[in-house]
Structures are given as C-alpha cells and as structure tokens.
Amino acid sequence: MAIEPNLKYPNKSRTSVDKPIGDVDLVENLPSQNVPHFYVPRTPQEAALDRSINTKLDFIVLPLLAFNFMLCGIDKTNIGNAATTSFAKDAHLKPNDISNAVSLLSVTFVTLQPLSTIIGRRVGVKYWISFMIVAWGSLCMAHAGIKNRETLIALRLLLGAAEAGFVPSVFFYLSTWYPKYHLGFRLGLFAGMYSIAGAFSGLIAYGVFQIHSSKYKSWQLLFMIESGITIFAALITFLVLPSKQTSAWFLSKAEREHSLHRMDIDVMKNFEVDQDGNAIKDTRMLSMRDIRDVLTDWKKLLTVVFNILATLPVSAFGTFLPLVVKGMGYSGVKANLMSVSPFVIGAFGLFIFVYSSDHFRERSLHTVTSMALALIGLIVMYTSSDPHLRYGFTHVCLAGAFSAGPLIVGWLANNTPLLGPRSLIIGINGYSNIAGVIAGQLFKAQYAPSYWYPLKITMILIAVGMLGFLGMRGAYMYENRWRAKQIAGWDEEQRRAEDRGENGRRGDQRWTFTFTY
C-alpha cells in the first residue's frame, strides 16, 4: 500500500535529470542557520517515504543498471577469456596484439567519457544509456569475425567509444535519485557488478568452451552469446528505466513529490539563486562557470589522478587474471574457472567497504584501507613462488581492489552539490580508466608466466595513491577548519547572504559548506 502522508512541498522542483529548459522559481525561506548541506528526514513520515522510495529504487532501477554494468564488464574483458583459446592463432595475431588492443580500447574509453556524460545529460540519461548498450553489444558481436590485427584494433577502439559514457552517466543518474549518504552503498552495489562480471565471465567462458561446433570456434561462440544477451538487455532498459522522478511509474504521487524534495535539499538547488534572489535557470547544458569551477578545483582533480593508481589492479586483473592464473601452472580452460572465486570475494569486500563508508559518513580512510588490503595481496603474489599461495592471495588483493572506485565517486559527488559541476567532475573521473592503458602495457606476454615485473610496478603505484588520498584528506580537513574560523563570528544575516550567493561563491565554494573526507 502506498504511503500518502500529508506533507507539502514546493509546486516545482529543479532537480530532475530530464526537465524542460527555462523553469525559474523564487527561492523563499532560506536557512537562517548553518544547516548541513545534505538531506536528512525531519519527521517519521519522511523517513517512511525514504524507506519506500529507496526500496523501490533498490529493486527496480539499481538491479537493472547493475546488470547492464556486469554485461559491460563482460563484453570489455571477455577478450582475456578468448586469449586462453586458439583466438590469437585463428585471428592471425602476434603475441602482444591483445595487450596492445586492451590499451587502445582505453584510449577512446577514457578520452570520450566527459563528452559522453555531457551528451547523456543533454539528450536524457535513459535514452543515452540504452543507445550505448546496443552499440557496444553490436561491436562485441562483431569480434566473432576478427581475422587480423587491424580489425581487432578498430573494434576495440569503437568498443571503447561505445562504452565510454556508461559508468559516469549511471553514477550521475543515481546521484539524482539517492541523497548523499544513501548513495555510496548503492554506488558500491552497482560497481560490484564489475567484479561479478569477472566471475560470470569466467563461468560463461568455461561453459561455452565445452561446446563443440563444426561451424564456429569456441571464442566466436563466446563473443556471439555474450553480446546477444547485451542487446536484449538494452531493450529491457529502454522500457523499464524512468527518465525522471515525475515519470517514475513505480512511485506514488506522494513518493514522487518527496523524491524531488529530498534531492532539492541534497544538491542545494533551493539555495542556487541569482543576484535578484531568483532561482538560476536550470537547463541540461553546462555553463562556462560550471566548467571553470571544476577545472580550477585542484583537490578534486588530484583525487581523480590518485584514483587512476587506485583502480589499476581492477583494470589489470579484470582482463588479465585468467592469464595470470594460467601462469601459475593451471590449464587455459581451468584458469578461466579458477578466476571466478577471486572476483566473488572482491564483490563481498566491496560491499562491506561501501556500506561501512556510508554508515560512518567517511570516504578517505575507507579508500586507503581497501587499497592497503589490495597491496598486501600483491606483495605476497610478488614475493612468493608457491603457486597455491599466490593464487590464494589473489582473493586478498581483489577483496580490497574494487572498493576505491565507487568510494571516490561518492566522495566527489558528496563534495560537488550542484548538478552541472557534478556531472562534469564525474565525467572527468572517467579518466581514471587510464589505468586500463597502464595495465595493457604492463601485463605483456614477455612477463609471463610469473608477471613479477607488472606486479611490482602495480604495488608501487598503489602505495603512491594511498599517500595521495591521505594528503587529500588532510587538505579537506584544513579547508573545513579554515572556513569554520572565517564564519565563527558571523551573524544570521551574514550566513543568509552567503547562502544566497551574494559574496560570489556558490555550491561547495560557500564558506558555510563542509567538505566530506
């Protein structure tokens, strides 16, 4: 039964991910005190609505997007499974062609992420996501026809372009449905599907490789079967995914109103006004100030740089773990099967870290701790010559490796309350996938079977990333203390003026805003 409490909200909201251009409302009842810049329920009725809305999102929107991300991961990394068969020989490839192709995919995948995210916000995230899924599914299917190096490279470049905007578009989309401290765990559940993709990819590959066909090679069947599932999923996504809160078919009228209300508070849209006290016109286009504010925010840009180092093990093992396991002395088919359990453990580790992060409302130390766990696994894999011990510690490594990515997205979203800059910084964070380029150049055939050299470099880079995040934590702590000192003597009117933007500052630039760290 739908909950219909007697709650009143403003007639119009300005937080929808897909709304008409030109809505302008007068902002009234600005906060008279330095209120927290995130949503918290004020009454039992609001808390009940939160539970109802989140439950529906958790069982409809989130699983659908997570399933698509799992397919995205499978379609991007199944070339690693194919590499354990006769794929290289049948396609007339040289030893390093596959690792080079993995790096080249990352070129388009990384460079096009901000642009793709901007396009998604412009045309509507629902429609853009559906289009991307069809595009990458079709390109993955075309892999079954690879006959030479040139075709492989062309398809990998196109596949990277097709998948480029999916993850940041979904991150932005979810950040407009879930309030700040409801978001991190959901981002983790979504991102966890990449580790599940690694597990399913190994299982599917193991099953497909048992099929004997007189017409198709086993690797061709792998590409065709997995991509066919992806294309079907695109149709389901288009039919089920709501484009905005007001058209969410699974929410009641009261739930739609409350969904908009809580997100208005969480993204500070109620406080975004011009010099005359009117709400700034909300469009789906980025303003030049949005771009300038993001590109001059050195703390967030450095966070993205360190995220490249944090996600390196994910990029490396997401594609090359079957080959690393094969190098431990296991057969090609069995190596695919044995790559399943490390990814499953990685998913459980991810869920634990992101849940704890939301619960304690803390990002940086959770990120560093997860990276430390990954580092421990890598140290044993690097120093030991025992194949059983090395294989066991791949589980330890992946238990921590998958957590940094969603935690950093949650951190960036928490510290970027305005939707325009938020969509851009999440898109720029897609540059963390440069880790895929690094992984492709590290895990080359000449370092098989031990892969000790790439493991050593990965360890060093993770350690640098950990130090970087600790530095960012210190920078945000210092900024919060400095701001607290500046506004300590302010009266009510000065705080109201700051919230109205009369001092030229907006969003997280306002001295009344407290950064998450």
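Two rings of Phe, Tyr or Trp (its six-membered ring) make a pair when their centres lie within 6.5 Å; planes under 30 degrees apart are stacked, over 60 edge-to-face, and the rest tilted. The model here is predicted, so local features need pLDDT of at least 70 and side-chain atom pairs pLDDT 80 or more, while totals for chains, interfaces and linings use all residues. Numbering runs from 1 along each chain as its sequence is written, and side-chain values use heavy atoms, with hydrogens and water left out.

**Exercise 1. Find the ring cluster, then classify the pair Trp249 and Phe250.**

Step 1: The whole structure has 24 aromatic pairs. 
Step 2: For Trp249 and Phe250, the ring centres are 5.3 Å apart and the planes stand at 85 degrees, so call this one edge-to-face. 
Step 3: Now check burial (buried is under 20% relative accessible area, exposed over 50%, partly exposed in between, with a 1.4 Å probe and protein chains only). Trp249 is exposed at 54%, whereas Phe250 is buried at 8%. 
Step 4: As for the cluster, ring pairs join Phe306, Trp411, Phe469, Tyr476, Phe513 and Phe515.

**Exercise 2. Which rings have the charged ends of Lys76 and Lys126 over them?**

Step 1: Apply the test: NZ of Lys or CZ of Arg must be within 6 Å of the ring centre and within 35 degrees of the ring normal. 
Step 2: Lys76 passes with Phe109, its charged end lying 3.9 Å from the ring centre. 
Step 3: Lys126 does it with Phe238, at 5.2 Å.

**Exercise 3. Does the length of helix H9 agree or disagree with its residue count?**

Step 1: Helices here are DSSP runs (H or I, at least four residues; strands are E, at least two), numbered from the N terminus. 
Step 2: Expected span is 1.5 Å times one less than the number of residues. H9 (218-240) has 23 residues, so 33 Å is expected. 
Step 3: The end C-alpha atoms are 34 Å apart, which agrees. 
Step 4: Look along H9 for buried residues; among them are Trp219, Leu222, Phe223 and Glu226.

**Exercise 4. Place Trp511 in the model.**

Step 1: Trp511 sits in the segment that follows helix H22 (492-499). 
Step 2: Its relative accessible area is 21%, so Trp511 counts as partly exposed. 
Step 3: Lys485 is 26 residues away along the chain, yet the two C-alpha atoms are separated by 9.8 Å.
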